[in-house]
Amino acid sequence: MAETQDIFLRAQNRTFGGLSEDLEREWTGPFYFIQAADPQLGLMKAWREGDCDGGGDEWAEEVELTKRAVEATNRLRPRPRFMVLCGDLVHAMPGTPFREDQERDLKMVLKDTDPSIPLVFVSGNHDLGNTPTPATVEQYCRAWGDDYFSFWVGGVLFLVLNSQLYFDSSACPQLREAQESWLDTQLSKVSSSSSLKPKHVVVFQHIPLYISKPDEEDDYFNLQREVRQKLIHRFKEAGVTAVFSGHYHRNAGGLHDGLDVVVSSAIGCQLGHDVHGVRVAVVTAERVVHRYYSLERLRTEGMDEDQRTLLRA
């Protein structure tokens, strides 16, 4: 498995393309990244059969769709600085049948990502369990890398969060406390540092803060209102530009009071009327301009001209 593992060493490599973190702290002009979510190998058949609590005993469809996502990303010029997968990498929960096989097959597909495009992984509820435990979090970290961390690219600070710790940490309260302490430190540095400040702070997580508005009712697909409001306040205080997530298997979100909440549909199973796709996010000095593309559209035509123009500015 050494060849397969190489792709995940890149995912855990905070230098991104051989540049040191110190160099990546400096703004050098516009760039873009790919945000994807929910390949979730095994869900499509399970959803059709109405057995989503099962692990899904077939996942050839999701493998093919993920191959298309990799191919579409590899064709893009210039290259994206990285590709992030915002959780639910596979459908089978920890410790259930098909889990190891699904992870193995997803890794085999992702290893074909061009070596110049680092992969970043975000943990989802199916990756950790709906009620994660220290053991399931450790298992995820062994397979995919840290469940929360930060990295710099092109003068922008990116924060990866384990949103399941906010949804239900009843079986691992100490892990939530550790992430909370770490996040406080990260956001405090951004707010108080007199050194080089990031052009933007961008957050990646699996479960959305909300689907359409900050005060909406609690649901399976969002974070609970009390938790959500506290995070929104902290993010706004620190000047976070955008929070990217998945989980909903539909496109949603919106810009509220300066914070852009971006909910992207899935590479895999669609639960609404969107198509299998990924999101292209162009980062300029002033803003983050993002757009969702079908896999076929991105593969055959690339990103739209207005986004390409932003990269040339």
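In what order do the 5 strands of the open sheet stand? The order is 3-2-1-10-11, with mixed pairing; strands and helices are DSSP runs (E, at least two residues, and H or I, at least four) numbered from the N terminus, and two strands pair if DSSP finds at least two bridges between them. Strand 3 (119-122) and strand 11 (288-294) each have a single partner strand, so one side of each lacks a neighbour in the sheet. On average, neighbouring strands here are turned by 20° against each other, direction ignored; axes are lines fitted to C-alpha atoms, for helices over the stretch in contact, and angles run from 0 to 180 degrees between N-to-C directions.

The model is predicted: local features need pLDDT of at least 70, side-chain atom pairs count only at pLDDT 80 or more, and totals for chains, interfaces and linings use all residues. Residues are numbered from 1 along each chain as its sequence is written, and side-chain values use heavy atoms, without hydrogens and water.

Strand 1 (residues 31-36) pairs with strand 2 (residues 83-86) in the parallel sense over 3 bridges, and Gln 35 stands opposite Val 84 in strand 2. Helix 12 (residues 305-312) lies across strand 1, strand 10 (277-283) and strand 11, at about 145° to strand 11.

An open sheet of 6 strands has the order 4-5-6-7-9-8, again with mixed pairing. Strand 7 (residues 242-245) and strand 9 (residues 259-263) run parallel, joined by 4 bridges; Phe 244 stands opposite Val 262 in strand 9. Helix 10 (residues 225-238) packs on this sheet, touching strand 6, strand 7, strand 8 and strand 9, where contact means heavy atoms within 4.5 Å.
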